[in-house]
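Hi,

Here is the structure I said I would pass on. Have a look at it first, and then read my notes underneath.

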Amino acid sequence: MGHACKDYIIKNNKNIRKFEKMYKNIDDPWDQEKIEHTEINTIVKRLKYLREYTPINILDIGCATGYTYSVFNKFFPTSYYTGIDVSKTAINKSKNNNKTLINSEITNKPIYLVDDIRKYRHDFINHYDLCFCSKTIYYVAPEIEQVLNNIFHYLKYNGVF
């Protein structure tokens, strides 16, 4: 990694995952809020068939500063979005970035939770139609089996990961 975030993620070939410190020290770690997210738009466009089942429940794993919510809301405006991230600072930034919606009268407000996908949550079982993660899998590679197991338990029957 040649980015400023590298020292918070991997050091001396060890996965150190200092996400909290990273989000405290770097406002937008991967410049995610500045890019157009064409790759995410492309992925979500391919899921357009899910629109016939709306509203759907979406889980965004490793939501960072909440930048993907606008993409999901554009394609699935009546759906329910939950963004999780291991960093409390990132979640606070997500809430701040989307505070207009969170404070509005709409019923499907985005929800942001501090959560670690490596830990199993019973309240997520069979709850989501779509589980999405952008680059998060890379950071949980040592626990990939547990993470994938959790994700597949969180999906409803015929849910999409």
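Below is what I found in it, going from two helices to the empty spaces and then to a few single residues. Keep in mind that this is a predicted model.

Helices first. Helix α8 runs over residues 144-154, and its buried residues are V147, N150, I151 and Y154. If you look down the axis of α8, those buried residues fall within an arc of 95 degrees, so they line one face of the helix. As for what covers them, the list includes two strands from earlier in the chain, β3 (57-61) and β6 (128-133), along with α7 (136-139) and β7 (155-160).

Helix α3, residues 38-46, can be read in a similar way. Here I40, N41 and V44 are buried. Down the axis of α3 the buried residues fall within an arc of 100 degrees, so they too line one face of their helix. They pack against α4 (69-75) and β6. So keep an eye on β6 as you turn the model, because β6 is also part of the cover over the buried face of α8.

Now the empty space. The largest pocket has a volume of about 330 Å³. Its lining takes in 21 residues, and the ones nearest its centre are F19, G62, D85, V86 and T136. If you want to find the pocket by its secondary structure, go to α2 (19-25), β4 (80-85) and α7, each of which supplies at least two residues of the lining. By character, the lining of this pocket divides into 11 nonpolar, 4 polar and 6 charged residues.

What about closed space, and how many cavities of 30 Å³ or more are there? The count comes to 1. The largest cavity holds about 40 Å³ of space, and it is lined by I58, Y69, F72, N73, F76, S79 and Y81. Helix α4 gives the largest share of that lining, 3 residues. The cavity lining has 5 nonpolar residues, 2 polar ones and no charged ones.

Next, a residue to click on: T68, in the loop between β3 and α4. Is T68 buried or exposed? T68 has a relative accessibility of 1%, and so counts as buried. The side chain of T68 makes a polar contact of 2.2 Å with the side chain of D60. Leaving aside residues up to four places away in sequence, T68 touches I40, D60, Y81 and F132. Two of those names have come up already: I40 is one of the buried residues of α3, and Y81 is part of the cavity lining.

Last, two backbone oddities. A64 has a positive phi of about 55 degrees although it is not a glycine. This residue is found in the loop between β3 and α4, where T68 also lies. A64 counts as buried, because its relative accessibility is 2%. N158 is not a glycine either, and it has a positive phi of about 70 degrees. N158 lies in strand β7, and β7 is among the elements covering the buried residues of α8. N158 itself is exposed, with a relative accessible area of 61%.

That's everything from my side. Shout if any of it is hard to find on screen.

Cheers

Notes. Residues numbered from 1 in each chain as written. Predicted model: local features only at pLDDT ≥ 70, side-chain atom pairs only at ≥ 80, totals over all residues. Heavy atoms only, no water. Buried < 20%, exposed > 50% of the residue type's maximum accessible area, 1.4 Å probe, protein only. Helix = DSSP H or I, 4+ residues; strand = E, 2+ residues; numbered from the N terminus. Arc of directions from axis to C-beta. Contact = heavy atoms within 4.5 Å. 1 Å grid on protein atoms, 1.4 Å probe; cavity = no way out; pocket = protein on both sides within 12 Å on 5 of 7 lines; lining within 4 Å. Points joined across faces, edges and corners; volume = space filled by probe spheres on them. Nonpolar A, V, L, I, M, F, W, Y, C, P; charged D, E, K, R; others polar. Polar contact = N/O pair within 3.5 Å; in protein donor to acceptor, adjacent residues only side chain to side chain.
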